[in-house]
Amino acid sequence: MHGLMMNYPLTLAQVLEHARHIHSSKRVTTLLPDQTFHSYDYTTLYERVKRLANAITQLGVIQPGDRVGTYASNTYQHLELYYALPCSGAVLHPLNVRLTAVQLARIVQEAEDKVIFVDGAFTDQFDELRKKIECEQIVHFNTSSAHPSVAYEQLISEADPIYSWDIPDENWAMGLCYTSGTQGEPRGVLYTHRSMFLHTLAVNQADVFGLTEMDIVMPLVPMFHAMAWGLPYASMFAGADMVLPGAKSVCIADLIAETGVTVAAGVPTIWAKVYPELSERKRDISTLRRLIVGGEAMPSALIEAYEKNLGVEICHAWGMTEMSPTGTFSKLRGAHQNLSDAEKWRIKAKQGQPIPGVELRLAAETSNGFTKLPWDGEVSGELQVRSPWTASRYYNIEPTTEHFTPDGWLRTGDIATVDIDGYMQIVDRAKALIRSGGESISSVALEASLLKHPSVLEAAVIGVPDEEWGERPLAVVTLSQPIRADISDTFKQHLAVEFPKFWIPDRFVVVDEIPKTSVGKSDKRAILEQFASENLRDRSSAA
Ligand code: ADP
């Protein structure tokens, strides 16, 4: 027997309408390239989104379901497109501006983007891409230079302000986002209105992002990285103000002090980089209450530094572009309150519990499928997930058993443990796990331990080919202060406290900067390219 409730479609138009009706005076503030602020309220945003939706329709080149690219930083115009495109039936396709023109051209061609909206901050680099793609229409915003293209503000000012949202149904595609390509070619994930709506509700629970109407939220995570982790929708549904940092690299402490940010989100690299600036306390950052951190493991040493020295709560999240992106979230429970601080930071450094709505399982592949592994915090296995906001296949790629199990779970490509309370901890990406003499070595665990050394600022461990053992770990570090003693001996002794001898890297290399991917993760493929070709055994071990 079916129930008798309304079959009310779950769409992003509801998020926008709610923000406009209930939180109309809340503000979106954007740092402009000239370092001044642009600020308007949700009412103005709403009116502009309506006009923009009309303008998009009137461009005449976009049919419902067509993909529309955005080549932009985190700005109010990008936020407008986050609503106007999906709410007019088009598919928002944020392009990763840090990929090369060749990489992006492949993505744009596969997505068949009909129109691309280009941020003036990237006009020159977009011109490179433009030569390689076919796209019917380019619309520029935030630019003073004359372009033989359509101007965004003109489109909006000339458009009719009245528009009825045009979303065929809740399972209509709303966004297309490509993975950041850390381990291979980026793959497209096609979200629906329903999946993004449910993801928004899920992350807005008190024990997940926990955003409230009193928050001022700053996504430092780019809007092209996994839909800015859902924050453009979550913040406006919660009624929070938003601060968007624009394209220029900015002084984060200044931005927080001037706008009163309470919650900010970004990858660990960012927080490691800005920690010295924040801890100098030259600016008043006392409004900042919480950082949402993910994309890579957040080391416990950095969690401790933020929580102990700055009084800022760290919420460590794990997710994937394929999961809209949130999968797990690490928060302490009531039962943890009496633990020592060190024990609390150890738990918070885990990737956390599945957020309500997400199912996890640990699996081992056998000759006839998978067996389920126990949640004892010890046994590690392949992490598999499912949820209403997890991809069931990739865009334009036939589903294969490499990515999806026959019973419909996503194979994440991560190796993890899960403890009895459901806290998941990433051991490594399956492809990054170092296989030495038939045993596995976790690069993530070695990196976390190196980061506990007072002189280490950043660490990346990779497996380099070795004739005798198959692979051996090699550590690359940047230092916050010089080390007088022999670097290799220092780190070997440091790691020997926690790890068996065969885990200890044969070689430690000090570099000025660790190569990063387009979204700020350690680029282990680039590091490997740099070091694998060298005859490691012949080289002396210190930098
Ligand atoms: P890519 O796989 O190309 O990097 P994503 O940006 O979607 O694309 O990254 C998802 C992957 O990032 C996860 O499968 C996992 O390996 C890694 N990841 C995300 N969050 C964390 C985290 N908190 N700790 C460790 N790894 C993480």
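**The ligand site and the aromatic pairs**

Of the 19 residues around the ligand in this predicted model, those that come nearest are Gly 181, Thr 182, Ala 317, Thr 321 and Asp 414. Polar side-chain atoms approach oxygen atoms of the ligand at two residues: the distance is 2.4 Å for Thr 182 and 2.9 Å for Ser 180. At Ala 317 a polar backbone atom takes part instead, lying 2.7 Å from a nitrogen atom of the ligand. The ligand taken alone exposes 560 Å², and the protein buries 92% of that.

Strand S14 (313-319) and strand S21 (424-429) are the elements that give two or more residues to the shell around the ligand, with S14 providing the largest share, four residues. By class, the shell has 10 polar, five nonpolar and four charged residues. Both domain 1 (12-27 + 36-191) and domain 2 (356-429) give residues to this shell, so the ligand lies between them.

Turning to the aromatic residues, the structure holds 16 aromatic pairs. One of them joins Phe 117 and Tyr 152 edge-to-face, at 6.1 Å centre to centre and with 90° between the planes. Because Phe 117 lies in strand S5 (residues 115-119) and Tyr 152 in helix H6 (residues 152-158), this pair ties together parts that are 35 residues apart in sequence. Phe 117 and Tyr 152 are both buried.

Phe 209 and Phe 329 form a tilted pair, 5.8 Å centre to centre with 50° between the planes. Here the partners are 120 residues apart: Phe 209 is in the loop between helix H7 (193-203) and strand S10 (216-219), and Phe 329 in strand S15 (residues 326-330). Phe 209 is buried, with a relative accessible area of 1%, and Phe 329 is buried at 3%. Finally, ring pairs link Tyr 46, Tyr 163 and Trp 165 into a cluster.

Definitions and conventions:
Residues numbered from 1 in each chain as written. Predicted model: local features only at pLDDT ≥ 70, side-chain atom pairs only at ≥ 80, totals over all residues. Heavy atoms only, no water. Near = heavy atom within 4 Å. Polar contact = N/O pair within 3.5 Å; in protein donor to acceptor, adjacent residues only side chain to side chain. Areas by Shrake-Rupley, 256 points an atom, 1.4 Å probe, with all protein chains shown as cover. Nonpolar A, V, L, I, M, F, W, Y, C, P; charged D, E, K, R; others polar. Domains from an automatic or database assignment. Phe/Tyr/Trp six-rings, centres within 6.5 Å; stacked < 30°, edge-to-face > 60°. Buried < 20%, exposed > 50% of the residue type's maximum accessible area, 1.4 Å probe, protein only.
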